[in-house]
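Thank you for making time this morning. Please have a look at the sequence and the structure as I put them up, and then I will walk you through a few parts of them.

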Amino acid sequence: MSATSIMLGSSIKRTNGVNQLGHRLNHPNGVMASSREPDQGLPVKKQEAVTQNVNLPPIIPKNKKKPYPIPLKKIQRAARADKKLVEKGIEKPLGPPKNGLLVHDLIPVAYEVLEAWKVLIKGLAQLLSVIPVYGCSECPEVHVGQVGHQIQDCRGPGSEKRRSFHKWVRGSINDVLIPIESYHLYDPFGRRIKHDTRFNYDRIPAIVELCIQAGVDIPEYPSRRRTTPVRMLGKKVIYRGGYVEEPKPHRAEDSFSSLAELDTYGIRTSQFPPKSDVRQIAEETLVAYEKVTWGVRKLMMKYTVKACGYCSEVHVGPWGHNAKLCGAFKHQWRDGKHGWQDATVEEVIPPNYVWHVRDPGVPPLKSALKRFYGKAPAVVEVCMQAGAAIPDKYRPMMRLDIVIPDSDEAHLVA
């Protein structure tokens, strides 16, 4: 090849993806690329796709059972293995905390979760005096903003007369942080709660009960600390160290004030923080929420938490209670008993997704632009509107990179 041809080849211009020789430079993403094939011996680095928006998990219909968090085949395989050990008369090998003993490495985690839970409740109570929250009086919909949205998705009683518009009323902290309670047990491996004895046990937040069973000592809610492990043969407990009567809880004069820090029902919501401290409170509340979610996930990897497959009931312990309080799908077939299965983190601390409002000063959200709006957990939305920075993991589901068109231009968007 002559030097002239080399110079001509190097001086070829590319315009609009077509060079002067008429060759189209194709690229799967529409970006102009070289027509030259890469060398076969050199590794090609694959570009990581940047997630722009993420759809929320589908809502499970009320007339269906929740899916098992653990595959059913794996559950059946473990049951067959336990059955073989029972036939051979071999005890089931158990490690802490399945044998009733504490996992000492998780005791500091439980204390961190409980302290973060207190900060979360207190911070939300202060922020709700600044950031208004509305709840629909006819359905579970919640909205964080100056006014309620105008998205027509209400399915509550009388929604046909309102054309599926929500009936907004002022909300509370329980609308943002859905209370999930559980029975407090002095001995989780002791007597099971029956329907007639259910009033003998206190109902406390499931997160607090999980922390207590993980090693947190609260005088108002005592817990049995075993020194000898529990022994089981299959599903039957053959040694539990005997039944121990539950001691009377120690209630000091300031016990009600300390218990109010653990429950959303007892926290005060009339605390007005200074405007200069609102952003700092929002940042601390968001950090506490992330720490609680992280800690609960870590504790649930070891400690057993059961959830009903039909309703929102949660029980912390090796097996569920026998109270006949389930009124969900086909409860008549189960005589009101719960269908217990392993719980997920979202069932212990529900995210409670709400519509994301980018600018509280703009007109309310409309149904015509529903597909352009994103969602976020209610706690994150409250903290964001109070001035906290949005964590990166919530940005795709909030759809911050999508431009919201005007109402008269929505039909022009592909």
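Let us start with strand β3, residues 133–136, which pairs with β4 in the antiparallel sense over 3 bridges. If you look along that pairing, you will find V133 standing opposite V144, which belongs to β4. I should say at once that what we have here is a predicted model. As a general reminder, the strands of a sheet pair through backbone hydrogen bonds, and they can do this either parallel or antiparallel.

Now, in what order do the strands of this open sheet come? The order is β4-β3-β5, so there are 3 strands, and the pairing is antiparallel. At the edges stand β4, residues 142–144, and β5, residues 168–170, and because each has a single partner strand, one side of each is left without a neighbour in the sheet. From one strand to the next, the twist averages 35°.

Further along the chain we come to another open sheet of 3 strands, with the order β11-β10-β12 and antiparallel pairing. Here the edge strands are β11, at 314–316, and β12, at 340–342, each of which pairs on one side only. The twist in this sheet averages 35° from one strand to the next. Strand β10, covering residues 305–308, pairs with β11 in the antiparallel sense over 3 bridges, and within that pairing K306 stands opposite H315 in β11. Helix α5, residues 206–213, packs on this sheet and touches both β10 and β11, while the direction of the helix makes about 15° with that of β11.

Let me turn to the cysteines. A disulfide is, in general, a covalent bond between the sulfur atoms of two cysteines. How many disulfides does a search of the whole structure find? The search finds 0. For C308, the closest cysteine sulfur is the one in C311, and because the two sulfurs are 3.5 Å apart, they are too far for a bond. C308 counts as buried, at 0% relative accessibility, and C383 is buried as well, with a relative accessible area of 0%.

Finally, a word about confidence. The mean pLDDT of the protein is 84, and 83% of its residues reach 70 or more. Over residues 1–39, however, pLDDT stays under 50, and for this stretch the model has 22 contacts beyond four places in sequence. Where pLDDT is low, the predicted coordinates should not be read in detail.

Note on methods: Residues numbered from 1 in each chain as written. Predicted model: local features only at pLDDT ≥ 70, side-chain atom pairs only at ≥ 80, totals over all residues. Heavy atoms only, no water. Pairing = 2+ DSSP bridges. Helix = DSSP H or I, 4+ residues; strand = E, 2+ residues; numbered from the N terminus. Axes fitted to C-alpha atoms, helices over the stretch in contact; angles between N-to-C directions. Disulfide = S-S within 2.5 Å. Buried < 20%, exposed > 50% of the residue type's maximum accessible area, 1.4 Å probe, protein only. pLDDT = per-residue confidence, 0-100. Contact = heavy atoms within 4.5 Å.
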